[in-house]
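I opened this entry to keep track of what I looked up in the model. The notes follow the order in which I checked things.

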Amino acid sequence: MTKTLLALSFGVVFAATAASAAAQTLPVPGVEAARDVPGAKEMPNPAIVHKVLFDMATAGPKPTEVHPMLQAVARYVNTLAKTGVPAANRKVAVVFHQGATDFIMTNDAYKARHEGQDNPNLAMIQALSKA
């Protein structure tokens with residue numbers, strides 16, 4: 001019984017460590033890749049260049065949180081990385097216009113326009129730029 005519990009405990013710790021290590025290797029920290037779909041017929045091909053353009057034209061629902069579209073872009077980038085697409089084959093761009101232009105402002109400019117509130121999108125934009 002003790003050996004079984006020890007083996008089970010080791011298995012749980014090993015699985016948690018492996019999952020944690022996999023999450024740490026994603027290019028955009030703090031955002032999970034899309035979940036796996038068993039039996040999926042189409043998966044990103046690591047051998048081709050993935051050129052994708054995201055369009056951001058709306059203001060975020062909460063000015064104190066990262067815009068949901070930036071979260072979606074990060075999830076897409078992390079999904080490509082998780083499925084083995086190298087950084088050189090991930091060409092992702094985001095166009096900011098209309099209501100979304102505030103998100104690319106410097107923190108000081110954002111604060112001036114949003115009652116002293118820090119720009120919550122800057123860290124995500126920087127992480128995406130590095131990815």
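**Strands and crossover**

I looked up K51 and found that its bridge partner in β2 is K91. The model is a predicted one. I then took the two strands as a whole: β1 and β2 pair in the parallel sense, over 7 bridges. I followed the chain from β1 through α2 to β2 and noted that this β-α-β crossover is right-handed.

**Aromatic pair**

How many aromatic pairs does the structure hold? I found 1. The ring centres of F54 and Y76 are 5.8 Å apart and their planes stand at 65°, so I entered the pair as edge-to-face. The cut-off I needed for that is a plane angle over 60 degrees.

I placed both residues next. F54 is in strand β1 (residues 50-56) and Y76 is in helix α2, so the pair ties together parts 22 residues apart in sequence.

Are the two residues buried or exposed? F54 has a relative accessible area of 15% and is buried, while Y76, at 26%, is partly exposed. I applied the cut-off for buried, which is under 20%.

**Helix α4**

Which residues of α4 (residues 122-130) are buried? I listed M124, I125, A127 and L128. They cover an arc of only 160° around the axis, and I therefore put them on the same side of α4. This agrees with the general rule that an α-helix has 3.6 residues a turn, so residues three or four places apart point the same way.

I checked the other side of α4 as well and found A123, Q126, S129 and K130 exposed there. What do the buried residues of α4 pack against? I recorded α2 (68-82) and β2 (90-96). I had already met both elements in the crossover, where the chain passes through α2 to reach β2.

**Positive phi**

I looked up two residues with positive phi that are not glycine, beginning with Q98. Phi of Q98 is near 50°. I located Q98 in the loop between β2 and α3 (107-113). Its relative accessibility is 60%, so I counted Q98 as exposed.

The second entry is E115, whose phi is also positive and near 50°. Where does E115 lie? I found E115 in the loop between α3 and α4. With 83% relative accessibility, E115 counts as exposed. The cut-off I used for exposed is over 50%.

Note on methods
Residues numbered from 1 in each chain as written. Predicted model: local features only at pLDDT ≥ 70, side-chain atom pairs only at ≥ 80, totals over all residues. Heavy atoms only, no water. Buried < 20%, exposed > 50% of the residue type's maximum accessible area, 1.4 Å probe, protein only. Helix = DSSP H or I, 4+ residues; strand = E, 2+ residues; numbered from the N terminus. Arc of directions from axis to C-beta. Contact = heavy atoms within 4.5 Å. Phe/Tyr/Trp six-rings, centres within 6.5 Å; stacked < 30°, edge-to-face > 60°. Pairing = 2+ DSSP bridges. Right-handed = clockwise from strand over helix to strand, strands pointing away.
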